[in-house]
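Ready for a few hands-on exercises? Take a look at the chain below, then work through the tasks one by one.

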Amino acid sequence: MAQPYLEITYRQGKPFAAYLYLERRPGDKSARTEPHDSWIVDFAPDGRVIGVEFLQVGNVDLAALNRVLVAAHHPPLSNSDLMPLQAA
């Protein structure tokens with residue numbers, strides 16, 4: 001998967017949580033997680049970020065998220081990558 005993929009989960013018609021799938025290699029599984037504010041970052045065994053779970057949809061600080069991603073050698077995201085969260 002080359003582009004980020006965002007999946008939003010709804011409960012009783014309201015957004016409940018979301019997961020941002022980032023670039024993964026075949027067989028990648030989360031080896032560790034790291035909490036950040038109202039989201040959780042999943043890392044592959046080699047330290048790559050492979051996903052982010054948002055526990056509060058619509059309340060995501062893009063600058064803070066990008067600081068974590070860049071520190072893990074992942075390209076920063078743009079507003080358009082998270083636009084569905086703002087619309088939810």
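A residue is called buried under 20% relative accessible area, exposed over 50% and partly exposed in between, using a 1.4 Å probe and protein chains only. This is a predicted model, where local features need pLDDT of at least 70, side-chain atom pairs count only at pLDDT 80 or more, and totals for chains, interfaces and linings use all residues. Residues are numbered from 1 along each chain as its sequence is written, and side-chain values use heavy atoms, with hydrogens and water left out.

**Exercise 1. Sort Q86, N59 and D28 by accessibility.**

Step 1: Find Q86 in helix α2, residues 79-87. Helices here are DSSP runs of H or I with at least four residues, strands are runs of E with at least two, and both are numbered from the N terminus. Q86 has a relative accessible area of 56%, so Q86 is exposed.

Step 2: Move to N59, in the loop between β5 and α1 (62-71). Its relative accessibility is 46%, so N59 counts as partly exposed.

Step 3: Finish with D28, in the loop between β2 and β3 (32-36). With 17% relative accessibility, D28 is buried.

**Exercise 2. Work out what surrounds D28.**

Step 1: Start with polar contacts, meaning pairs of N or O atoms within 3.5 Å; within protein, one atom must be able to donate a hydrogen and the other to accept it, and residues adjacent in sequence count only if both atoms are side-chain atoms. The D28 side chain reaches the backbone nitrogen of R25 at 2.8 Å. The side chains of D28 and R48 are also joined by a polar contact, of 2.8 Å.

Step 2: Now look for contacts in general, which are heavy atoms within 4.5 Å. Skip the neighbours within four places in sequence, and D28 is in contact with A44, R48 and I50.

**Exercise 3. Put the strands in order.**

Step 1: Recall how strands join up. Strands of a sheet pair through backbone hydrogen bonds, either parallel or antiparallel. Two strands count as paired if DSSP finds at least two bridges between them.

Step 2: Begin with β1 (residues 5-11) and β2 (residues 14-21), which run antiparallel and are joined by 7 bridges. Bridge partners here include T9 with A17 and R11 with K14. In this hairpin 2 residues sit between the strands, and Q12 takes a positive phi near 55°.

Step 3: Go on to β5 (residues 49-54), which pairs with β2 over 4 bridges, again in the antiparallel sense. A18 has F54 in β5 as its bridge partner.

Step 4: Put it together: the open sheet of 5 strands has the order β1-β2-β5-β4-β3, with antiparallel pairing. β1 and β3 are the edge strands, each pairing on one side only. On average, neighbouring strands of this sheet are turned by 20° against each other, direction ignored.

Step 5: Add the helix. α1 lies across β3, β4 (39-43) and β5, and runs at about 15° to β4. For such angles, axes are lines fitted to C-alpha atoms, for helices over the stretch in contact, and the angles run from 0 to 180 degrees between N-to-C directions.

**Exercise 4. Explore the largest nonpolar core.**

Step 1: Know the rule: a nonpolar core is a set of buried Ala, Val, Leu, Ile, Met, Phe, Trp, Tyr and Cys residues joined through side-chain atoms within 4.5 Å.

Step 2: The largest core has 21 residues, and V52 and F54 have the most contacts inside it. Elements giving two or more residues to this core are β1, β2, β4, β5, α1 and α2. α1 gives the most, with 5 residues.

Step 3: Zoom in on V52. Leaving out residues up to four places away in sequence, V52 touches several residues, including L20, W39 and L65.

**Exercise 5. Which residues form one aromatic cluster?**

Step 1: Rings of Phe, Tyr and Trp (its six-membered ring) pair if their centres lie within 6.5 Å; planes under 30 degrees apart count as stacked, over 60 as edge-to-face and the rest as tilted. By this rule there are 2 aromatic pairs.

Step 2: Y5 and Y21 form a tilted pair, 5.8 Å centre to centre with 45° between the planes.

Step 3: Y19 and Y21 form an edge-to-face pair, 4.6 Å centre to centre with 65° between the planes.

Step 4: Put together, Y5, Y19 and Y21 form one aromatic cluster.
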